[in-house]
Amino acid sequence: MQANHFKISLEAVATGFVDKGMDFGSDKIRFIRKPEVTLLAGRGISSLGMGEIWHFFEQQLDFPVTVVDERNVDDINWDRTDVLILADGDYKMFEDKAATDKLKEWVNNGGKLIALESAAVQVAGADWGIKLKKEEEKDKDAKEKAAAAHPYDAVKPYANRERESIKQFIPGAIYKVQLDTTHPLAFGYPALYYTLKQDAHLYEFIESSGWNVGVLKKDSYLTGFVGASTRQQLKDGLLFGVKEIGNGSVIILADNPLFRSFWENGKLLFSNAVFLVGQ
């Protein structure tokens, strides 16, 4: 009945033995446990980002999700929460050490935190072992030396103010992301994923207790407008990663894979984060 509802074709098998991979009776084959999912909302949190996630669960997956106002985060029953999703936004709880410590304790005990866009930036700033990629020191040194050698370069014509401002501008550009297809977050994908990049956020590679699942290498730009300065920054960094903390994990999604519900290529990535990672 469920197969008919979701229009999935079922195939009967005569044996549990397979020609390649793990047999159906192997201890490597198991059911995916249904997670209890909580999504935070409220003041400071993007209504669009949160709404895209809510719509995806209710209207497309037909899967239950509990929506909690961030002001009531202390009332969450953490023992019955498996996944906590932070949409794009500004979260006051990261300014409260007690709240942050409680969240870390929940992750350490087996919880899964999924942070998207600016929420991921806040996680990176809260000592979780995830770091936002900054301008390389050698580039900074080169700029400082150039500024010292040519001090009048800082004197720019007023008429060129719009041209100068768009150097940091990225209204929307498509980049090629190299995926580690052996990781559950990238299940079902080929080696390349195409992401919609709307900011310059990029993360340092996770060196221990984690996985760099989706990375930008050099010359990853594909199409769309990107300011010259931003384009120089978007290389050699992490976009999608999983940091393992104790028995749980933190999933960083630098870009929004559910953008306006039309970025169809990202819906599997988000579903993998919710249902597969950590199983």
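**Notebook: contacts, core and one helix pair**

I looked up contacts (heavy atoms within 4.5 Å) first: residues 24 or more positions apart account for 74% of those in the protein with a separation of 6 or more. I note that this is a predicted model, where local features need pLDDT of at least 70, side-chain atom pairs count only at pLDDT 80 or more, and totals for chains, interfaces and linings use all residues. Residues are numbered from 1 along each chain as its sequence is written, and side-chain values use heavy atoms, with hydrogens and water left out.

I looked up burial next. Of 279 residues, 40% count as buried (under 20% relative accessible area, 1.4 Å probe, protein chains only). The largest nonpolar core (buried Ala, Val, Leu, Ile, Met, Phe, Trp, Tyr and Cys joined through side-chain atoms within 4.5 Å) has 75 residues. L40, F57, I85, L113, W128 and F270 touch the most other members. I followed L113: leaving aside neighbours within four places in sequence, its contacts include L84, W106, W128 and I251.

I then turned to helices. I find 8 helices and 10 strands (DSSP runs, H or I of at least four residues for helices, E of at least two for strands, numbered from the N terminus). Helix 2 (residues 47-61) packs against helix 8 (residues 267-275) at about 90°, axes 12 Å apart (lines fitted to C-alpha atoms over the stretch in contact, angles from 0 to 180 degrees between N-to-C directions). That makes helix 2 roughly perpendicular to helix 8 (65 to 115 degrees). I53, F56, F57, Q60 and L61 in helix 2 meet K267, F270, S271, V274 and F275 in helix 8.

Notes: Parallel < 35°, antiparallel > 145°, perpendicular 65-115°, else oblique. Buried < 20%, exposed > 50% of the residue type's maximum accessible area, 1.4 Å probe, protein only.
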